[in-house]
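This report describes side-chain contacts between charged and aromatic residues. The sequence and structure are shown first, and the contacts are then taken up by type.

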Amino acid sequence: MAPKRTIDLNADVGEATDAAGVEVERALLGLVTTVHVACGGHSGDDGSMAATVAAALEHSVRVGAHPSYPDRDGFGRRPIEIDRGELRASLSDQLRALDRVCRSAGTSMASVKAHGALYAEVAKGGAIYETLRDVVREGWGDGPILVLPSGCRATATALRDGVPTCEEGFCDRAYRRDGSLADRGTAGAVLTDPGEAAAQALSLARGAVVANDGSVLTRWVDTLCVHSDSHGVVAIAAAVRQAMADSGIDVVAPAHA
């Protein structure tokens, strides 16, 4: 008998700036199996990290880091010009800040997932990927898993480098023909209908996704993401969980070495 399909469901959290946003993030903790916590680059501080990690552990949710370009004004979603050494120092500071919080709470940083514009650059497998790779390796060895978009160039580069990775797909974002995500400012780029998002999540879990031009992309994902700032994200996450349960797919966090 073939092993049962399992998949992780993650959310990027610790980004909320008001009580309503914090409430949404807390509600998500009852539905996801991994969270990636903003650690000061685009959002977050010691207080938000500590509160988010504590809440995650109360729900037995795995904790990872969500570093970004140091760009709070642009919420880390715009490419910026930055000296490589400055970026390296910023990423190290962000990861060490969350690592301290995790250790104080009795857990460890299980994964690292770049945010926004940094995520897109890391996916290319070039110098920015190497910078993040080196920061993680020098600080934590092969401990944390590096989360990358499924099918990106960096996945093959990481395999060559011996970097443990997790391939990610998105429940609530539309895909373009080339496998990249549609720009947030374009119509239909963000999926807000729970049924539509759950259908895309299930398709990704089965190995494919339909791009916004109707073409079909082959993908294999280990983890699915819902964005905590997407409209109706709690309903989306619940619909994804139900779709997986109805299809016999277990939603569980991946093993952490």
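Over the face of which residue does Arg96 lie, and at what distance from the ring centre? Arg96 lies over the face of Trp140, at 5.2 Å from the ring centre. Another such placement involves Arg5, found over the face of Trp220 at 3.9 Å from the ring centre. A charge is taken to sit over a ring if NZ of Lys or CZ of Arg is within 6 Å of the ring centre and within 35 degrees of the ring normal.

The model is predicted: local features need pLDDT of at least 70 and side-chain atom pairs count only at pLDDT 80 or more, while totals for chains, interfaces and linings use all residues. Residues are numbered from 1 along each chain as its sequence is written, and side-chain values use heavy atoms, with hydrogens and water left out.

**Salt bridges**

A salt bridge is a side-chain nitrogen of Lys or Arg within 4 Å of a carboxyl oxygen of Asp or Glu. The count by this rule is 13 salt bridges, including the three tabulated here.

| Pair | N to O distance |
|---|---|
| Asp12 and Lys113 | 3.0 Å |
| Arg78 and Asp71 | 2.8 Å |
| Arg103 and Asp99 | 2.9 Å |

Asp12 belongs to strand β1 (residues 6–13) and Lys113 to the loop between β4 (111–112) and α4, so that the pair links distant parts of the chain, 101 residues apart. Helices (H or I, at least four residues) and strands (E, at least two) are DSSP runs, numbered from the N terminus. Asp12 is buried at 4% relative accessible area, and Lys113 is buried at 2%. Here buried means under 20% relative accessible area, exposed over 50%, and partly exposed in between (1.4 Å probe, protein chains only).

Arg78 is partly exposed at 40%, whereas its partner Asp71 is buried at 5%. Arg103 and Asp99 both lie in helix α3 (residues 84–104), 4 residues apart, about one turn of the helix. Arg103 is exposed at 58%, but Asp99 is buried at 11%. In addition, a network of salt bridges links Arg133, Asp134, Arg160 and Asp161.

**Aromatic pair**

Rings of Phe, Tyr and Trp (its six-membered ring) pair if their centres lie within 6.5 Å; planes under 30 degrees apart count as stacked, over 60 as edge-to-face and the rest as tilted. This rule gives a count of 1 aromatic pair. The ring centres of Tyr119 and Phe170 are 5.9 Å apart and their planes stand at 90°, so the pair is edge-to-face. Because Tyr119 lies in helix α4 (residues 116–123) and Phe170 in strand β6 (residues 165–170), the pair ties together parts that are 51 residues apart in sequence. Tyr119 is buried at 10% relative accessible area, and Phe170 is buried at 4%.
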